[in-house]
Amino acid sequence: MSRPVSTARRRLLFDAVAGAAALGLSPLAAAAPGPGRVKKLSGTDIVLPTGDVHDFDFFVGRWTFSNRRLKRRWVGSDEWDEFPASLSCESRMGGMVNIDEGVFPTKGWQGMTVRVFNLKERRWYLYWINNTTGELFPPVAGGFDGDRGEFFGDDHDDGRPVKIRFRWTRVDADHARWEQAFSLDGKDWETNWRMEHTRVKA
């Protein structure tokens with residue numbers, strides 16, 4: 001059973017969803033396509049996957065997770081920073097909104113992901129907020145096919161435009177994996193962050 005959302009967290013969720021709607025005017029989240037129309041990641045041939053409103057139901061609950069984050073990007077490095085974290089995930093509006101709040105104790109970070117399911121597109125939009133800026137990052141969009149989900153978006157890395165890919169894998173009922181990769185052209189990808197999640201038993 002998920003824990004109730006505090007007033008402060010509920011206010012942040014409402015603000016995040018409102019911000020997500022505003023960001024829907026970005027090139028990635030432009031006017032929703034009509035039936036049968038294909039939506040692609042800008043400047044590429046990558047078709048944004050679709051999914052189901054229950055794609056993230058499996059993630060509801062409390063988790064611990066280990067992080068491996070690449071120390072230097074774009075230089076072919078294989079040096080990783082490893083650190084722990086934990087989060088709590090909740091579902092709202094019949095599954096249309098999925099939210100998690102994570103704590104990275106050795107880094108001093110906190111972060112929140114707000115996932116919003118667009119019923120017309122049958123596609124998820126994922127937004128990230130952290131406590132260092134308080135701003136919504138540009139979304140990634142996509143969905144699950146079986147136990148694997150892919151989500152794509154546009155952002156900047158140190159001022160350089162990049163394509164972003166999230167990959168989610170439902171390993172089993174108590175384990176999940178998340179990976180982040182960046183690309184300059186949507187063809188060659190460098191994975192720069194991996195998380196291995198383990199469910200906290202009640």
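**Entry 1: the strand pair E8 and E9**

I began with strand E8 (residues 160-172) and strand E9 (residues 175-183), which pair in the antiparallel sense over nine bridges. The model I am reading is a predicted one. For a single position in this pairing I looked up Lys163, and I found Ser183 in E9 as its bridge partner. I then checked the connection and noted that E8 and E9 form a hairpin, with two residues between them.

**Entry 2: from E9 to E10**

I moved on to E10, which is joined to E9 by eight bridges, the two strands running antiparallel. Here I noted that His175 stands opposite Thr198 in E10. E9 and E10 also form a hairpin, with six residues between them. In that turn I recorded Gly186, which has a positive phi of about 80°.

**Entry 3: closing the circle**

Which strand does E1 meet through seven bridges? I found that strand E1 (residues 61-70) is joined in this way to strand E10 (residues 190-199), and that they run antiparallel. Ser66 has Glu196 in E10 as its bridge partner. I then followed the whole order and wrote it down as E1-E2-E3-E4-E5-E6-E7-E8-E9-E10: 10 strands that close into a barrel with antiparallel pairing. From one strand to the next, the twist averages 25°.

**Entry 4: the largest pocket**

I next looked up the largest pocket, in which about 900 Å³ of space lies. Its lining has 38 residues, and I noted Trp128, Phe137, Trp178, Gln180 and Trp193 as the closest to the centre. The elements that give two or more residues to this lining are E1, strand E3 (97-104), strand E4 (109-118), strand E5 (123-130), strand E7 (148-157), E8, E9 and E10. Which element gives the largest share of the lining? I found that E4 does, with five residues. I also sorted the lining residues by character and recorded 20 nonpolar, 11 polar and seven charged.

**Entry 5: aromatic rings**

Finally I turned to the aromatic rings and recorded a count of 22 aromatic pairs. I examined one of them, Phe117 with Trp124, and found it tilted, at 5.1 Å centre to centre and with 55° between the planes. Are Phe117 and Trp124 buried or exposed? I noted that both Phe117 and Trp124 are buried. Phe117 and Trp124 also belong to one aromatic cluster, which I list in full as Phe56, Phe58, Phe59, Trp63, Phe117, Trp124, Phe144, Phe151 and Trp168.

Conventions
Residues are numbered from 1 along each chain as its sequence is written. This is a predicted model: local features need pLDDT of at least 70, side-chain atom pairs count only at pLDDT 80 or more; totals for chains, interfaces and linings use all residues. Side-chain values use heavy atoms; hydrogens and water are left out. Two strands pair if DSSP finds at least two bridges between them. Helices (H or I, at least four residues) and strands (E, at least two) are DSSP runs, numbered from the N terminus. Axes are lines fitted to C-alpha atoms, for helices over the stretch in contact, and angles run from 0 to 180 degrees between N-to-C directions. On a 1 Å grid over the protein atoms alone, a cavity is a set of points where a 1.4 Å probe fits but cannot get out, and a pocket is an open set with protein on both sides within 12 Å along at least five of seven lines; lining residues have an atom within 4 Å of a point. Grid points are joined across faces, edges and corners, and a volume is the space filled by probe spheres set on the points. Ala, Val, Leu, Ile, Met, Phe, Trp, Tyr, Cys and Pro count as nonpolar, Asp, Glu, Lys and Arg as charged, and the others, Gly among them, as polar. Rings of Phe, Tyr and Trp (its six-membered ring) pair if their centres lie within 6.5 Å; planes under 30 degrees apart count as stacked, over 60 as edge-to-face and the rest as tilted. Buried means under 20% relative accessible area, exposed over 50%, partly exposed in between (1.4 Å probe, protein chains only).
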